[in-house]
Amino acid sequence: MLGAHLTRLGVTSAHHIVHPRYVLTKAMQITRMAHSSSSIEYQPIKSVLVANRGEIAIRVFRACTELGIRSVAVYSEQDKMHMHRQKADESYIIGQGLAPVDAYLCIPEIIRVAKENDVDAIHPGYGFLSERSDFAQACYDNGVRFIGPSPEVVQKMGDKVAARQMAINAGVQVVPGTDEPVTTTEAAYNFCVKYGLPVMLKAAYGGGGRGMRVVRELADVKESFRLASSEAEAAFGNGAMFIEKFIEKPRHIELQVLGDKAGNVVHLFERDCSVQRRHQKLVEVAPAPNLDQKVREAMAADAVKLCKSVNYENAGTVEFLLDNRGNYYFIEVNARLQVEHTVTEEITGIDLVQSQIRITEGMTLPELGMTQDKIIPQGCAIQCRVTTEDPAKGFQPDTGRLEVFRSGEGMGIRLDGASAYAGAIISPYYDSLLMKVISRASDLHASAAKMNRSLREFRIRGVKTNIPFLLNVLENQKFLNGTIDTTFIDEHPQLFQFQPSQNRAQKLLNYLGNVLVNGPLTPLATGLKPAEIYAVVPGTLPGTVPPRGFKDVLVAEGPEGFAKAVRNHKGLLLMDTTFRDAHQSLLATRVRTHDLLKISPFVSHNFNTLYSLENWGGATFDVALRFLHECPWERLESMRKLIPNIPFQMLLRGANGVGYTSYPDNAVYKFCELSVKAGMDIFRVFDSLNYLPNLVLGIDAVGNAGGVVEAAISYSGDISDPSKKKYTLDYYMKLADELVKAGIHVLCIKDMAGLLKPRAAKLLISRLRERYPDLPIHVHTHDTSGAGVASMLECAYAGADAVDVAVDSMSGMTSQPSMGAVVASLMGHELDTGMNLNDVSQYSAFWEQTRTLYAPFECAVTMKSGNADVYQNEIPGGQYTNLQFQAFSLGLGDQFEAVKKAYREANLLLGDLIKVTPSSKVVGDLAQFMVQNKLSAADVEAGAENLSFPKSVIEFVQGYLGEPYGGFSEPLRTKMLKGLPTVKGRPGATMAPLDFAAIKSKLSEEHGPRITEYDVLSYAMYPKVTEDFLFFRNKYGPVDKLDTRIFLTGPKVGEEFEVQIEKGKTLHIKTLAMAEDLNVNGEREVFFELNGQLRSVMVRDQEAVKDLHVHPKVTPGVKGQVGAPMPGSVVDIRVKVGDEVKKGSPLVVLSAMKMEMVVQSPCDGVVSTVDVTKDMKLEGDDLVLTIDPK
């Protein structure tokens, strides 16, 4: 508009560009002559100081630059790195030694800078001193122009009581309220008693939502007044309050006005600011949608009338509350520029900041082309305030370093910001506003669509923002219909139902940085390093469908049809254990989903004749969560997608599920149900003691879930040795009879230690086949002694339908017999497996390479070959390597032979048990306890009453695993118990059912809304392990997508690699450097290049911080520890050590970003520690105090 005016006056654009200040000044002189009727002196402004910070300071600087005016910034010590000082032509520090906010409230300092640097005018921005009449007066007293209303008007309008009286005098309707500012809690309380509730407490000398409170209960008046007054004091330097009657469900409508020195006042139409929380605006719309035209015109006329009555000059906003009957009430005048002035600029095309400057120079509104008839709104504009606040935690301010910042731009989008860039530090000292996003389009729906698109393009990492909440607002139908009021947020809790950003890339960088700084986050068992190779994956023809397999039979004919097809099959069927038991036995169960999925398509296309693929359950379940930091359920689902044609088999520990203890029956039933849903087919149900009630519970649970019931008899002893009297052939046959009665589809012999010698195998299987000619028989073994292939061939010859093998490079020793050896041995035989030995070789080659990635867990470090001493110690193959690594971790690595000997003694002490998880763990724990304490079997028997045995041993003798065959060993059991209670019968039978809904609610509250029913069942099996996994996943993201070497030991500096986080989304990462120096928090900065962009993460050096004092953090999940809910300063401590508190009692008051928050007690209890002091600065989750819960 000004450009057009200059053109009419004959000022060329070329002159304007070459000599901006001269030409503009000359133009104003010409303009003054053109409007000679004006008697106001025109005084050009050549320099402007902005007494503010952040985006509004930059907004004014930009206007100055466009007008050819020199810009001057002031900044506090805390803002020395802030962007606003860099955007100005000059910048000067103020308030050294003062508190962060006080620096910008120090009038003498600002005036000093202005006078020393030849500043013509000061723009106050909004907040801080913008509504302080003494500041405006100080400017005039020192010969510096104040870009705003006169000091007298600022004083009158800044005093809510005086402004109210002026509105009354001007004939504008007001809300009933106090006649004078209120300064004491007693006066506030008396007003509320006299006039009733609800009321609104408002800062008498400032706005912006600071110091505002709605009070509905008389008991809350004094505390609310104290908090509101304290906020007002901090924000505006004066804690006086204004109290008025609170109008229910109003719309908040404000009119933008401009007045000049000649008494002209115009309005620039209205804005709807009803989307508020804590009485602070979040989303503003111009013009107000669905506003009756008569109301619009009347409201605008009243706004202009009021401003004219007080000779209002410059920009201002007249604010009204509009009730649902069309009545509106004046509430206040903000005698300054508003945060939301942008939407008015967008619909009118008028630059309000430039207009402010020109009016201060002496230009009149007609001279600026701003008569009311020429101001015509076009389209609709929306402003969203993007703040560093967490809407999921009541909009708590968040602070820290912006690790990533990427904005959403494009047509119809305007961005007003300051320190919004990667690496910027968001401090706790000032307002939480990060950026204002303004959209403009033809109507509300179109403008909202642009805003929605823009916000979705934003990527902000390092601090929480309110963007998810804003997106919910923009998609709410009531908002889009333009029918909102100030209760909109309170009455729409669904606005807070959002999926938090996954932030996967940055979380992965944090993980990698942590590994580089602090070493592996998964404990490594040996000093060996993962090989620097990428295993060659044998190919399959793309787009081809895998050939049909037994899974197709199971789907078509159900478990019974499947069992019949297995029994009718002519050759020997194989179950491949490579995906589970093989790596459990050889590599401590550490093989990751990442590598399993690589080879899955090849297995699906080339081994479709497998009886099944053992790939889940048992120890893999908790190890996935505990050490690999990945979800076992996701592993199962992912494998099922890639292998649709081969049945999956899992290990179910009967009533123990996949855990090491007993569970309520409903937990086992639900676990089986979800396992089938996720892709499981065959459940090998066993019990660690062959305890029939536990087995039957597992059988029923699998049957109810629709799975194939494969009941397993755990084998121990040696039925071919007549001297062994406990576990005889008759014992196994009777147990088989009971299992068949229970209703099973397949019978399994589970030889977990590899004790089934060839002669015993022939004896047992032939007898079972004779008794049950139609029942499929499956045999599982380990090759610890080296006789596994011979035993499995004898089983086949004796009538077994399926035996277990592992691919050659993952077979032998404590694993299963060699797949290739069994396949080759039966070639041309009537039991020929039908498998191609070349396919087996390719499969083996992949695992031979992949195995080297897991070198830190390699059992071959100490075990170089099979060992027949297993026939003496009877250590299960799956336990052997884990026992070995446990020995290393306990400092018993060089005594593993002693541990094996003690294992045999411990087994006999406990009564010669069936040994398989979890009973094998009991024996192993006792063995290591004996070695560590240098105890013989005789020592244990003699001193049992005085020894503190491992927890697993005590729970076993209490009966929590069930009853062993032959009963407990007495009198040792009684001595061990020392009077502890015992469990009789099946432990789970007397346990209360788990409340899955309560578990999900608990986990969702602690870990967010992404909790699934699978997480609930993981928690049911392993509560602490699952909690730790969920915390880890939330902190470090999908680490299961990393290559194995990178996952275990991290990348090398300079190394480039890729991470596919999902289909079509691949991260390209390069490790650049790691800082040598620590910062004050004991952190090192680690630099990466992510998709071509520089990224860095700050990682606390756990070793280095031992020498530094760093405030402790709360430990997740520990009840009674109270952490800081937001970064801030401690302004008040309400309790001391020894005080008794109730849930909800106020403990500490924090202040951050000019907002105060009362930290409340999470439970009843007694304060045991207070870990903060007054004025201490805290980060989020810093430990505040500890309560001993009652």
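This is a short tour of one sheet and one annotated site in a predicted model. Residues are numbered from 1 along each chain as its sequence is written. Local features need pLDDT of at least 70, side-chain atom pairs count only at pLDDT 80 or more, and totals for chains, interfaces and linings use all residues, while side-chain values use heavy atoms, leaving out hydrogens and water.

**The sheet**

Start with strand 13 (328-334) and strand 19 (413-417), the edges of the sheet; each has a single partner strand, so one side of each lacks a neighbour there. Strands are DSSP runs of E, at least two residues, and helices are runs of H or I, at least four, numbered from the N terminus. Now colour the eight strands of this open, antiparallel sheet, in the order 13-12-9-10-11-14-21-19; two strands pair if DSSP finds at least two bridges between them.

Zoom in on strands 19 and 21 (residues 433-441), which pair over five bridges. Here Leu415 stands opposite Val437.

**The annotated site**

Next, select Asp581, Lys750, His780 and His782, covered by the UniProt annotation "binding site" from an unreviewed entry; such annotations may be inferred rather than shown by experiment. They span 202 residues of sequence, yet cluster in space, with a largest C-alpha distance of 12.2 Å.

Asp581 lies in helix 21 (residues 581-587) and is buried, at 2% relative accessible area. His780, in strand 29 (residues 777-780), is also buried, at 0%. Buried means under 20%, exposed over 50%, and partly exposed in between, with a 1.4 Å probe and protein chains only.
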